[in-house]
Amino acid sequence: MNTFSMNSLKTIFSDTLHLFYPHLCNGCGSDILDENNLLCLQCINNLPHSNFAQHANNPIEKIFWGRIPITAAHAEFYFAKESLVQTLIHQLKYKNNKEIGFYLGEVMGRSLLNSNRFQQIDYLVPLPLYPDKERKRGYNQAAIICNGISETTTIPVLNNYVIRQRFTETQTRKHRTERWENVEGSFIVKNKERLMGKHILLVDDVITTGATLESCGQAVLQVEGTTLSIATLAFAAK
Ligand SMILES: [Zn+2]
């Protein structure tokens, strides 16, 4: 069989396969994409990158001014209602679509690599979910994003070093007058020795007020000698 007919056969085979198992763009549902891609070219081009990683005093860093000391902060995309980014994050959080989270993490990893402001990170730490919530979902979406970032940057991920627990009733009473009363739960660092003196990049899916990241960051910063940076996939302006 010559190469031409071999290739034609391959095409027929992949077209037939496509008919039964359509490979659709995760963003817009169109079927005009290469089988190795999750997004069509148009969606890739429409992703609203922020470019924040390159700039000191960017809007994400300003969120934490006067709250906790951070070295640098970044959010890869702008988040808007009914947008492509919302669709993709919804897929990641509620549709068991871990591939898209990993992919977007890889994209963010490239932005971090291209910035000289994120060169000193020792570990990636995903913002933890409540254990019962993670059990229900089957995974922590922030950990999936971390895996994607790690794929492009080779920075290791520390899973389960920071845990989240619900306030007990007495804690709730005790914290009522404090400023993080609206943060659900509290964060605890386990195995502090591993984090000592390290630069941690705390990672989450979307940042709005930053209250939860602040609370978790606070716990990380209580470990001796740690420094903190923050990165989220998207920034939802208030
Ligand atoms: Zn698309």
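## Zinc site

Four cysteine sulfurs, C25 (SG), C28 (SG), C40 (SG) and C43 (SG), coordinate the zinc ion at 2.3 to 2.4 Å. Donors are N, O and S atoms within 2.8 Å of the metal (3.2 Å for Na, K and Ca), and water is not among the atoms, so sites may look incomplete. Along the chain the donors follow the spacing C-x2-C-x11-C-x2-C. Both C40 and C43 are buried (under 20% relative accessible area; exposed is over 50%, partly exposed in between; 1.4 Å probe, protein chains only).

The site is tetrahedral, with angles of 106 to 115° among the four donor atoms (four donors count as tetrahedral if all angles lie between 85 and 135 degrees). The ideal angle for four tetrahedral donors is 109.5 degrees.

## Basis of the model

This is a predicted model, in which local features need pLDDT of at least 70, side-chain atom pairs count only at pLDDT 80 or more, and totals for chains, interfaces and linings use all residues. Residues are numbered from 1 along each chain as its sequence is written, and side-chain values use heavy atoms, without hydrogens and water.

## Strands β3 and β4

Strand β3 spans residues 162-165, with V162 and R164 on its covered face and I163 and Q165 on the uncovered one. Helices (H or I, at least four residues) and strands (E, at least two) are DSSP runs, numbered from the N terminus. In a regular strand, side chains alternate between the two faces of the sheet.

β3 runs antiparallel to β4 (residues 186-189), joined by four bridges (pairing requires at least two DSSP bridges). Q165 is opposite S186 in β4.

## Positive phi

N57, not a glycine, has a positive phi of about 60°. N57 sits in the loop between α2 (41-46) and α3 (59-63) and counts as partly exposed because its relative accessibility is 45%.

Terms used. Four donors count as tetrahedral if all angles lie between 85 and 135 degrees; four count as square planar and six as octahedral if opposite donors are over 155 degrees apart and all others between 65 and 115; anything else is irregular.
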